[in-house]
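This report introduces a single protein chain to a reader who has not met it before. It goes through charged pairs, nonpolar cores, a helix and enclosed space.

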Amino acid sequence: MIVQRVVLNSRPGKNGNPVAENFRMEEVYLPDNINEGQVQVRTLYLSVDPYMRCRMNEDTGTDYLTPWQLSQVVDGGGIGIIEESKHTNLTKGDFVTSFYWPWQSKVILDGNSLEKVDPQLVDGHLSYFLGAIGMPGLTSLIGIQEKGHITAGSNQTMVVSGAAGACGSLAGQIGHLLGCSRVVGICGTREKCILLTSELGFDAAINYKKENVAEQLRESCPAGVDVYFDNVGGDISDTVISQMNENSHIILCGQISQYNKDVPYPPPLSTAIEAIQKERNITRERFLLLNYKDKFEPSILQLSQWFKEGKLKIKETVINGLENMGAAFQSMMTGGNIGKQIVCISEEISL
């Protein structure tokens, strides 16, 4: 059978901006027979995420992510349906997910590399397993629990940068759910600001492209900042850190403003900001989700429960077609998405 796949066509360079043309579509032959332990799956949804930017480089700069290889199929978070199985625990019709799903319309995989998912947890919205009820949800919830030090009833103020993105849009809501009295989001368009305050429960939102962030923060956070969920790094983070209180906490989720630059992760702070951090005893520890695997299952159940109770609103931007993976990636890296950026490969969930 002939199937379509997306391969890495070129690298943007460590300091370059990724473009759709870094990826290309091609056809490939899928064998008719599968071996013991394998399954043939049809891809339903694929995820594009900021962390993937480092996989476009020859060296990812991390020991837990491998670089994508030129002219080889690209992979990332994905979800699909099993069409044929020779694996003891997986049967035809099961929905499965993987963090290393090939960008391919149909694929043969080792069944042991897949995790079975229960559609009831997401009320049938399977793509949510790549977002709020998946890695971004886990990153937000466990990150806040482990590094945010929120105590209900203690009048804490939380600021979220990249607040309309996959993690940010969840983090602000989770901050409220765990007991923050005030949550302020920073994002890049008026539309996003309105969404944060009208739908997602943020108390205020700042458009960093149009407003003076330092001034607006002082107005929105009169008691200073106690918890900062940092998705962006760079100048915005410097501005937030300079208004943080003593013994406050930074949750290092991502540093997207720095991903197209050849700098270490997490990027070092400027001398002046580092001085503020030390003087006020602000924690800024690297957070790696994979260190908390024991918390995944209860956290997924908690996220699912909040979603079903209407307490966690889920936003996603869906683009259709495997041929648009590169365009979706480019858009996500430049803030074109609200909530999780998803690519729908096949909507047909019946066999």
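A salt bridge is counted here where a side-chain nitrogen of Lys or Arg lies within 4 Å of a carboxyl oxygen of Asp or Glu. The model is predicted, and the values below are computed from it.

## Charged pairs

Under that criterion, a search of the whole structure finds 13 salt bridges. Among them is the pair of Asp-94 and Lys-116, whose closest N and O atoms are 3.5 Å apart. This pair links distant parts of the chain, since Asp-94 sits in the loop between β4 and β5 (95-102) and Lys-116 in strand β7 (residues 115-116), 22 residues apart. Asp-94 counts as buried because its relative accessible area is 11%, a value under the 20% limit for that class, whereas Lys-116, at 48%, counts as partly exposed.

The table sets this pair beside two others.

| Salt bridge | N to O distance | Separation in the chain |
|---|---|---|
| Glu-26 and Arg-5 | 2.6 Å | 21 residues |
| Glu-83 and Lys-106 | 3.1 Å | 23 residues |
| Asp-94 and Lys-116 | 3.5 Å | 22 residues |

In the pair of Glu-26 and Arg-5, Glu-26 belongs to strand β2 (residues 23-29) and Arg-5 to strand β1 (residues 2-8). Glu-26 is partly exposed at 22% relative accessibility, while Arg-5 is buried at 16%. These two residues are also linked with Arg-24 in a network of salt bridges. In the pair of Glu-83 and Lys-106, Glu-83 lies in strand β4 (residues 75-85) and Lys-106 in strand β6 (residues 106-110). Here Glu-83 is buried, with a relative accessibility of 17%, and Lys-106 is partly exposed, with 21%.

## Nonpolar cores

In soluble globular proteins, nonpolar side chains tend to be buried together. The largest nonpolar core of this model has 53 residues, of which Ile-133 and Phe-229 touch the most other members. Helix α7 (residues 296-308) supplies the largest share of this core, with five residues. Leaving aside residues up to four places away in sequence, Ile-133 touches Val-122, Tyr-128, Ile-300, Leu-303, Ser-304, Phe-307 and Ile-314. A second core, separate from the one just described, has 27 residues, including Leu-8, Leu-46, Met-52 and Met-56.

## Helix α2

Helix α2 (residues 168-177) is mostly covered, as eight of its 10 residues are buried. The buried residues are Gly-168, Ser-169, Leu-170, Ala-171, Gly-172, Gln-173, Ile-174 and Gly-175. What covers them includes α1 (135-147), β8 (157-161), β9 (182-187), β11 (225-230) and α7. After α2 comes Gly-179, which has a positive phi near 120 degrees.

## Enclosed space

Rolling a probe the size of a water molecule over the atoms shows where empty space is left. In this model, the search of the whole structure finds one cavity of 30 Å³ or more. The volume of the largest cavity is about 70 Å³. Its lining consists of 13 residues, and those closest to its centre are Ala-132, Ala-166, Ile-314, Lys-315 and Lys-340. By type, the residues of the lining divide into six nonpolar, four polar and three charged. Ile-314 connects two parts of this report, as this residue is among the contacts of Ile-133 and also belongs to the lining of the largest cavity.

Technical notes. Residues numbered from 1 in each chain as written. Predicted model: local features only at pLDDT ≥ 70, side-chain atom pairs only at ≥ 80, totals over all residues. Heavy atoms only, no water. Core = buried A, V, L, I, M, F, W, Y, C linked by side-chain atoms within 4.5 Å. Buried < 20%, exposed > 50% of the residue type's maximum accessible area, 1.4 Å probe, protein only. Helix = DSSP H or I, 4+ residues; strand = E, 2+ residues; numbered from the N terminus. Contact = heavy atoms within 4.5 Å. 1 Å grid on protein atoms, 1.4 Å probe; cavity = no way out; pocket = protein on both sides within 12 Å on 5 of 7 lines; lining within 4 Å. Points joined across faces, edges and corners; volume = space filled by probe spheres on them. Nonpolar A, V, L, I, M, F, W, Y, C, P; charged D, E, K, R; others polar.
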